[in-house]
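User: I am new to this structure and would like to understand how its descriptive terms are earned. Could you take me through the reasoning behind a few of them?

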Amino acid sequence: MILQILNPLKRRKRISSWISFPVLQSMMVIIILSGCKSESIEETTSETPSEAMGTVFENPLEYSAGENPTTIESGDWNNDNRTDLMVLNPRKQSGTSSLVDGTLHQFLDNSSLSTKFPFSSTSLTPATTVWRQHLIAIDFNGDNLTDLATAEANLDQVKFLLNSSGSFTDNGTVSVGDVPIHLESLDIDKDNDTDLSVVNRGGNSISLLRNDNGSFTSLDNLSVGDTPLKNVSGDWDNDSDIDLAILASADNQIEIWTNNGSGSFTKESTQPSTTGSSPRDLISGDWNCDGYLDLATADFLGNSLSLYYGQSSGAFFSSPQTISIGKGPASIAAADFNNDSRMDFVIAHRFYFSTSSLSLLTGDIGILLSQSTLDSSNQVVYDAETRFASTLEVGGSPPADVLIRDVDNDSKLDLLLSLPFNKKLGILSGKNYSGTLDCS
């Protein structure tokens, strides 16, 4: 899907200076790829995006990352035991429309650099341009090198790219359902090969691809709810088999599918979210660090974060703990920033700032920090969300993806943001917190 977004007038030095300008009759249209339907209602507010900087994180730094950077993936591409990055560019702007692209921007961690962003970058351009909507890092042939798989949405297929010390070559494709937009790696059948599940937005389905020593074949196709955007894997029923949770955005629910151990999945339950909340992102983790996997959704029109806590009783979760946050939460990531053995959340916000004379799609970043106590239902208690700027650009910028890493190896957690409007990869270096990525 292509979401058409109004680009603002040329950014001014102060918000008050550009909101007084009338809307141009002919505005440039920026094409941002999203799993949402083109007719989806966007959040609109008269509140400007946060301009706070240098509080929780250092001031943003930005680096060129292609025409339309979206998915950020990490892995060791050149086998030097250092974490590298890959940024996907699905499509690119051409006047008021878009063209397929598929360029990957590779960032290699360079040990000779001592900056806040110690990476050298190169572009990996496909022989034929293609709409690559998602990217995932996997070692699919067991050679201990991190390979790549991409969802090619306009061709209804998954492309595999074989890694040879940082150089990637075409390793074939597998046909999947209509408009594949998200990939998840898992071991479906417990053979120690990394398999894939593929979200097909156009066909409301999940394609399961079995890996047999580096060769993928179609295993099954699951019919799921309306407008699936993402799936995550985990052992929801505590039987040592890897199950699936699928976000059906238009149905405002998560579907729980359990695995019998050989790759046959059964829909066990649904976890409803608030009616009309239009969840846009789904992640898994152990929010209260009790040993059971939990789920979280970014409720785009509900302006909330919903947490579903795993139970010992099987493939069922608690009723959602709904936490009010800022406008238009579109992407989320989790880590324990404040080292209290409770998971915190980073939220990428996307919304229209609107006045009588201007409509601007913009955004910012928020962090939701946990308290050390749990409530009577064993749910985490959170402080109010703290918002801050995603970019140095006046007027803000809506991040497409968020990745939490210690980029500069200073033992503080940093934020990596893809910024399609800016054509940049942004980094907000950690300032206050030297936490961990999980409950360790």
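Analyst: What follows sets computed values against the definitions of the terms.
This is a predicted model, in which local features need pLDDT of at least 70 and side-chain atom pairs count only at pLDDT 80 or more, while totals for chains, interfaces and linings use all residues. Residues are numbered from 1 along each chain as its sequence is written, and side-chain values use heavy atoms, with hydrogens and water left out.

User: Why is aspartate 243 called buried?

Analyst: Buried means under 20% relative accessible area, exposed over 50% and partly exposed in between, with a 1.4 Å probe and protein chains only. Aspartate 243 has 0% relative accessibility, and therefore counts as buried.

User: Which residues is aspartate 243 in contact with, leaving aside its neighbours within four places in sequence?

Analyst: Contact requires heavy atoms within 4.5 Å, and the residues in contact with aspartate 243 on those terms include Val232, Trp236, Trp257 and Phe265. In addition, the side chain of aspartate 243 reaches the backbone nitrogen of aspartate 237 at 3.5 Å.

User: What makes phenylalanine 140 and phenylalanine 160 an edge-to-face pair?

Analyst: Rings of Phe, Tyr and Trp (its six-membered ring) pair if their centres lie within 6.5 Å, and planes under 30 degrees apart count as stacked, over 60 as edge-to-face and the rest as tilted. The structure holds 12 aromatic pairs. In the pair of phenylalanine 140 and phenylalanine 160, the centres are 5.6 Å apart and the planes stand at 80 degrees, which is edge-to-face. This pair links distant parts of the chain, the two residues being 20 residues apart.

User: Why is the pair of phenylalanine 160 and phenylalanine 216 called stacked?

Analyst: Phenylalanine 160 is itself buried, with a relative accessible area of 3%. Its ring centre and that of phenylalanine 216 are 4.3 Å apart with the planes at 10 degrees, so the pair is stacked. Here too distant parts of the chain are linked, with the two residues 56 residues apart. Phenylalanine 216, at 9% relative accessibility, also counts as buried.

User: How many cavities of 30 Å³ or more are there by this rule?

Analyst: On a 1 Å grid over the protein atoms alone, a cavity is a set of points where a 1.4 Å probe fits but cannot get out, and lining residues have an atom within 4 Å of a point. The count by this rule comes to one cavity of 30 Å³ or more, and the largest cavity has a volume of about 40 Å³. Among the residues that line the largest cavity are Met53, Phe57, Glu58 and Leu428.

Notes: Polar contact = N/O pair within 3.5 Å; in protein donor to acceptor, adjacent residues only side chain to side chain. 1 Å grid on protein atoms, 1.4 Å probe; cavity = no way out; pocket = protein on both sides within 12 Å on 5 of 7 lines; lining within 4 Å. Points joined across faces, edges and corners; volume = space filled by probe spheres on them. Helix = DSSP H or I, 4+ residues; strand = E, 2+ residues; numbered from the N terminus.
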